Amino acid sequence: MRLLFRQRLFSWFDSYDIYDEAGNTVYTVEGKLAWGHCLHILNAAGDHIGTVREQVLTFLPKFELYVQDQYVGCIQKEFTFFTPKFDIDCNGWRVEGDFLEWDYRVTEACGAQVASIHKELLHWTDTYVIDVADPGSALCVLMLALAIDAEKCSRN
């Protein structure tokens, strides 16, 4: 399953549209006013299905992931000097690659690829491609990508 993650050109808060390969809106992401980043994920019908919430007052950025209102895991930036690394507590997954260039993979503990994420060039707004092996994992993969994007934005 391929998802296209496009940031809206004019948006006060973090706001994204997530499309499938045919151009259909699969998810909408809306930033909410809160301490730290708080992103609500809506399905195509407009129903709230997930939340990415930044924990405040932590030494390094940490984001909690919720499907509906149920906690499913978190992602936290690790202390490094040059290349960013993340510790993921979600489905036993790991994330590796070049986060600064938006070219990374999500893998299972056994090494099987869950998803790959990369940035497309030559667009008016930031456009990212998320290739997910199992469509049932798409929401959790999207939440991880949103948390990594929010962490990068908070550094700038």
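In this predicted model, the largest nonpolar core holds 40 residues, and those that touch the most other members are Phe 5, Tyr 27, Ile 41, Val 52, Ile 130 and Leu 146. Helix α1, which spans residues 138-155, supplies the largest share of this core, namely twelve residues. As a general tendency, nonpolar side chains in soluble globular proteins are buried together. One of the core residues just named, Tyr 27, is in contact with Leu 3, Asp 17, Ile 18, Ile 41, Leu 42, Asn 43, Ile 49, Ala 138, Leu 139 and Leu 142, when its neighbours within four places in sequence are left aside.

The protein chain that surrounds this core consists of 156 residues, of which 45% are buried. Its secondary structure comprises twelve strands and one helix, and, read from the N terminus, the strands are followed by the helix at the end of the order. Among the contacts between residues at least 6 apart in sequence, 28% join residues that are at least 24 apart. The accessible surface of the chain amounts to about 8700 Å², and carbon and sulfur atoms account for 52% of this area.

Aromatic rings form three pairs in the structure. In one of them, the ring centres of Phe 5 and Tyr 128 lie 5.1 Å apart and the planes meet at 85°, so this pair is classed as edge-to-face. The two partners come from distant parts of the chain, since Phe 5 belongs to strand β1 (residues 2-7) and Tyr 128 to strand β12 (residues 127-132), with their positions 123 residues apart. Both Phe 5 and Tyr 128 are buried. A further edge-to-face pair is formed by Tyr 66 and Tyr 71, with 5.8 Å from centre to centre and 70° between the planes. Within this pair, Tyr 66 has a relative accessible area of 14% and is therefore buried, whereas Tyr 71, at 39% relative accessibility, counts as partly exposed. Ring pairs also join Phe 5, Tyr 16 and Tyr 128 into a cluster.

A contrasting environment is found at Ala 109, which lies in the loop between β10 (103-107) and β11 (113-120). This residue counts as exposed because its relative accessibility is 57%, a value above the 50% cut-off for that class. Beyond the residues up to four places away in sequence, Ala 109 touches Gly 92 and Arg 94. The C-alpha atoms of Ala 109 and Asn 91 are separated by 9.1 Å, although these residues stand 18 residues apart along the chain.

Methods:
Residues numbered from 1 in each chain as written. Predicted model: local features only at pLDDT ≥ 70, side-chain atom pairs only at ≥ 80, totals over all residues. Heavy atoms only, no water. Phe/Tyr/Trp six-rings, centres within 6.5 Å; stacked < 30°, edge-to-face > 60°. Helix = DSSP H or I, 4+ residues; strand = E, 2+ residues; numbered from the N terminus. Buried < 20%, exposed > 50% of the residue type's maximum accessible area, 1.4 Å probe, protein only. Core = buried A, V, L, I, M, F, W, Y, C linked by side-chain atoms within 4.5 Å. Contact = heavy atoms within 4.5 Å. Areas by Shrake-Rupley, 256 points an atom, 1.4 Å probe, with all protein chains shown as cover.
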